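This report describes one protein chain, beginning with a single loop residue and moving on to the chain as a whole. Please consult the sequence and the structure below while reading.

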Amino acid sequence: SNSNSNSNSNSNSNSNSSGVGIIKDDERNIPIAFGPVCQGQFLASMGAVERTMNLIEDENTTDEQAEELCTALERLVSEEEMGQRYKVMAIARKKSGIFPPPGF
């Protein structure tokens, strides 16, 4: 059992002295916080305005539905309504193609 503890300490010191097994901060892929940003800004950057306009302009959307969509969008993004009061944040790990997270 004595030789096992010696070999373990030797392998640990070897890996530390050679740099093998040491993880640098940028290689750890630790989660990163984004935001907070205002809900209105976030939804606008995610395409909420364009999506709502597309739905309103759809030939199958009634005038009543179009009015409801417009009212709902205004409530969600307007500075006087929810757009400034609520905040959005994300916690994400770095992934190629989706970093930083959409909307940030």
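## Residue environments in the chain

Glu81 counts as partly exposed because its relative accessibility is 35%, where buried means under 20% relative accessible area, exposed over 50%, and partly exposed in between (1.4 Å probe, protein chains only). The model is predicted, so local features need pLDDT of at least 70 and side-chain atom pairs count only at pLDDT 80 or more, whereas totals for chains, interfaces and linings use all residues. Residues are numbered from 1 along each chain as its sequence is written, and side-chain values use heavy atoms, with hydrogens and water left out.

Glu81 is located in the loop between H4 and helix H5 (82–85). Helices (H or I, at least four residues) and strands (E, at least two) are DSSP runs, numbered from the N terminus. Not counting residues up to four places away in sequence, Glu81 touches Glu74 and Arg75; contact means heavy atoms within 4.5 Å. Glu81 and Gly40 are 41 residues apart along the chain, and their C-alpha atoms are separated by 9.3 Å.

The chain as a whole contains five helices and two strands, and from the N terminus on its elements run α-β-α-α-α-α-β. Of its 104 residues, 16% count as buried. Among contacts with a separation of 6 or more, 69% involve residues 24 or more positions apart. The chain exposes about 8100 Å², of which carbon and sulfur atoms supply 50%; accessible areas come from the Shrake-Rupley method with a 1.4 Å probe, and for residues only the protein chains shown count as cover.

Four further residues are set out by place and accessibility.

| Residue | Place | Relative accessibility |
|---|---|---|
| Pro36 | strand S1 (residues 32–38) | 57%, exposed |
| Thr52 | helix H3 (residues 48–57) | 9%, buried |
| Asp63 | helix H4 (residues 63–77) | 70%, exposed |
| Phe104 | segment after strand S2 (87–92) | 28%, partly exposed |

The peptide bond from Gly35 to Pro36 is cis, with omega near 5°. In general, most peptide bonds are trans. Leaving aside neighbours within four places in sequence, Pro36 is in contact with Lys87, Val88 and Met89. Pro36 also lies 9.0 Å from Phe104, C-alpha to C-alpha, although the two are 68 residues apart in sequence.

Which residues does Phe104 contact, leaving aside its neighbours within four places in sequence? They are Phe34, Gly35, Val37, Phe42, Val88, Met89 and Ala90. One of these, Ala90, is 14 residues from Phe104 in sequence and 8.4 Å away in space, C-alpha to C-alpha.

Thr52 counts as buried because its relative accessibility is 9%. Not counting residues up to four places away in sequence, Thr52 touches Leu69 and Leu73.

Asp63 counts as exposed because its relative accessibility is 70%. Asp63 forms a negative surface patch together with Glu64, Glu67 and Glu68. Patches are made of residues with over 30% relative accessible area and no salt bridge; like charges are joined within 9 Å, and nonpolar side chains (Val, Leu, Ile, Met, Phe, Trp, Tyr) within 5 Å. A salt bridge is a side-chain nitrogen of Lys or Arg within 4 Å of a carboxyl oxygen of Asp or Glu. Lys and Arg count as positive and Asp and Glu as negative, while His and the chain ends are not counted. The place of a charge is taken as NZ of Lys, CZ of Arg, CG of Asp or CD of Glu.
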